[in-house]
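Please open the model in your viewer and keep the sequence panel beside it, so that each selection can be followed in both. The stops below are given in the order in which they are best selected.

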Amino acid sequence: MKQFVTCEIPEGLLRMGQERRFLKGSNIFKAGESITHCYYIRSGVVKIYIDHENGRRSILDFAGRQDWLGELSVFCNEDFTKENRVVDEISCLEFDISKIRQMCKKDGSISFYFASYISSKLMARSFRLSEYLNYSLEKRFASFILSHHKGGVYGISHTDVSEYMNVSYRHILFVMKKFCDEGIMKKEKGYIIADFGKLREIAERSE
């Protein structure tokens, strides 16, 4: 996944945050509730998804370190709260949205920071959609593993990845087996990246 640079988070904003933790399997936001706080993730992963009326699920994103949740509500009232589930225990800073709104009105650097972050997120998601149309599953999956491993250990479920990439579970399983057969990945408790070089080579292919 291509990385887009955003400006550094202002120190004054960081000092406003309150330490919070969310355990694996919990929700940070609950569907239907109004959003009064937003969160800056320091470690961990949470998946953001939508359950459709036809019973299918679309995973919109996996948010992790240095990502925000709920930041759009600083500037507008979201029509609905997207479903979310903590995949790997979250350590984060919690912010009162009303206080951030006040700061944005008084301090242009904080407004610019959020504009930069939201623009970066939008470009990254747009780029991901174009990748899905133009590149192989091997390249996309290799890039995803490199973006979401933790100290060389990768543990996101194949079901979640298949929903995120809009492919079948069987296709994800097939590619992971190929990576294991080629010595790139090793299956233990979850999966271990055994050859970072080869995995990066696949992720950087132009096909």
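## A stop on helix α3

Begin by selecting M123, which is found in helix α3, residues 108–134. Bear in mind from the start that this is a predicted model. With a relative accessible area of 42%, M123 is partly exposed. If you then add R21 to the selection, you will have two residues that are 102 residues apart in sequence and 29 Å apart in space, taken from C-alpha to C-alpha.

## Helix α4 and its surroundings

Next, select residues 137–148, which form helix α4. At 1.5 Å a residue, these twelve residues should span 16 Å, and the C-alpha atoms at the two ends of α4 are indeed 16 Å apart, which agrees. Is α4 enclosed or open to the outside? Ten of its twelve residues are buried, so α4 is largely enclosed by the rest of the structure. The buried residues are L137, E138, K139, R140, F141, A142, S143, F144, I145 and H148, and colouring them separately will set them apart in the view.

Keep α4 displayed and add helix α5, residues 158–165, whose axis comes within 12 Å of that of α4 and crosses it at roughly 120°. That angle makes α4 oblique to α5, and the crossing of the two is right-handed. Which residues meet here? On the α4 side they are L137, R140, F141 and F144, and on the α5 side V161, Y164 and M165. By type, the residues of this contact between α4 and α5 divide into six nonpolar, no polar and one charged.

Now hide α5 and show helix α7, residues 196–203, whose axis comes within 7 Å of that of α4, the two crossing at roughly 130°. Here too α4 is oblique to its partner, α7, but the crossing of α4 and α7 is left-handed. The contact is made by E138, K139, A142, S143, I145 and L146 of α4 together with F196, L199, R200, I202 and A203 of α7. The residues of the contact of α4 with α7 divide into seven nonpolar, one polar and three charged.

## From α5 to α6

Bring α5 back and add α6, residues 169–181. The axes of α5 and α6 come within 8 Å and cross at roughly 115°, which makes α5 roughly perpendicular to α6. This crossing of α5 and α6 is right-handed. To see the contact itself, select H158, T159, V161, S162 and M165 in α5, which meet Y169, I172, L173 and M176 in α6. Six of the residues in this contact of α5 with α6 are nonpolar and three are polar, while none is charged.

## Two loop residues with positive phi

Most residues other than glycine have a negative phi. With that in mind, select N166 in the loop between α5 and α6, where phi is positive at about 60° although N166 is not a glycine. At 61% relative accessibility, N166 counts as exposed.

For the last stop, move to Q66, which lies in the loop between β3 (57–63) and β4 (68–69). The phi of Q66 is near 70°, again a positive value in a residue other than glycine. Is Q66 buried, partly exposed or exposed? Its relative accessible area is 45%, and Q66 therefore counts as partly exposed.

Definitions and conventions
Residues are numbered from 1 along each chain as its sequence is written. This is a predicted model: local features need pLDDT of at least 70, side-chain atom pairs count only at pLDDT 80 or more; totals for chains, interfaces and linings use all residues. Side-chain values use heavy atoms; hydrogens and water are left out. Helices (H or I, at least four residues) and strands (E, at least two) are DSSP runs, numbered from the N terminus. The expected span of a helix is 1.5 Å times one less than its number of residues. Buried means under 20% relative accessible area, exposed over 50%, partly exposed in between (1.4 Å probe, protein chains only). Axes are lines fitted to C-alpha atoms, for helices over the stretch in contact, and angles run from 0 to 180 degrees between N-to-C directions. Angles under 35 degrees count as roughly parallel, over 145 as roughly antiparallel, 65 to 115 as roughly perpendicular and the rest as oblique. A crossing is left-handed if the near helix is turned anticlockwise from the far one by less than a right angle, and right-handed if clockwise. Contact means heavy atoms within 4.5 Å. Ala, Val, Leu, Ile, Met, Phe, Trp, Tyr, Cys and Pro count as nonpolar, Asp, Glu, Lys and Arg as charged, and the others, Gly among them, as polar.
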